[in-house]
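Please open the structure in the viewer and keep the selection tool at hand. The tour proceeds by short stops, each beginning with a selection.

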Amino acid sequence: MNILFIGGGNMARAIISGLCASSEVYKANKISVIEPLSITADALKMRYPVTIFDSATAYFAATAEPADVIVLAVKPQVMQIALAPFKGRVRGVVLSI
């Protein structure tokens with residue numbers, strides 16, 4: 001199962017940490033994160049073996065399989081902007097945190 005996090009802030013990192021810690025259950029190479037802020041993306045790269053993209057465009061260009069689960073981990077005021085590239089492309093479960 002492929003999981004995509006839109007946003008890589010504190011809440012996303014907490015969930016990613018739990019998923020990576022239970023490696024017998026879930027493989028970190030199935031986790032992708034779209035995080036445009038380089039400082040946040042760099043912190044994720046250093047701590048977790050997940051794939052980081054700086055934009056939805058980069059994610060769609062590099063990913064052959066759509067995510068089975070999309071976790072919305074962005075603030076409400078940027079939700080509309082963050083989700084615009086996904087219109088018509090969502091094929092799985094969407095969770096908002």
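The stops below concern a helix, a surface patch and a single residue in a predicted model.

**First stop: helix α2**

Select residues 38-47, which make up helix α2. Which residues of this helix are buried? They are T40, A41 and L44. These residues lie on the same side of α2, because they cover an arc of only 100 degrees around the axis.

Next, add α1 (10-21), β2 (31-34) and β3 (51-53) to the selection; these elements are among what covers the buried residues of α2.

Now turn to the other side of α2 and select S38, I39, K45 and M46. Are these residues buried or exposed? On that side of the helix, S38, I39, K45 and M46 are exposed.

**Second stop: a surface patch**

Select M11, I15 and I97, which together form a nonpolar patch on the surface. The accessible area of the three residues together is about 270 Å².

Keep I97 selected and locate its position in the chain: I97 belongs to the segment after β5 (93-96). I97 counts as partly exposed, because its relative accessibility is 41%, and the partly exposed class lies between under 20% for buried and over 50% for exposed.

**Third stop: T57**

Select helix α3, residues 56-62, and find T57 within this helix. T57 has a relative accessible area of 61% and is therefore exposed.

Finally, select L4 together with T57 and display the distance between their C-alpha atoms. How many Å separate these two atoms? The separation is 14 Å, while T57 and L4 are 53 residues apart along the chain.

Conventions: Residues numbered from 1 in each chain as written. Predicted model: local features only at pLDDT ≥ 70, side-chain atom pairs only at ≥ 80, totals over all residues. Heavy atoms only, no water. Patch = residues over 30% accessible without salt bridge, like charges linked within 9 Å, V, L, I, M, F, W, Y side chains within 5 Å. Areas by Shrake-Rupley, 256 points an atom, 1.4 Å probe, with all protein chains shown as cover. Salt bridge = Lys/Arg side-chain N within 4 Å of Asp/Glu carboxyl O. Helix = DSSP H or I, 4+ residues; strand = E, 2+ residues; numbered from the N terminus. Buried < 20%, exposed > 50% of the residue type's maximum accessible area, 1.4 Å probe, protein only. Arc of directions from axis to C-beta. Contact = heavy atoms within 4.5 Å.
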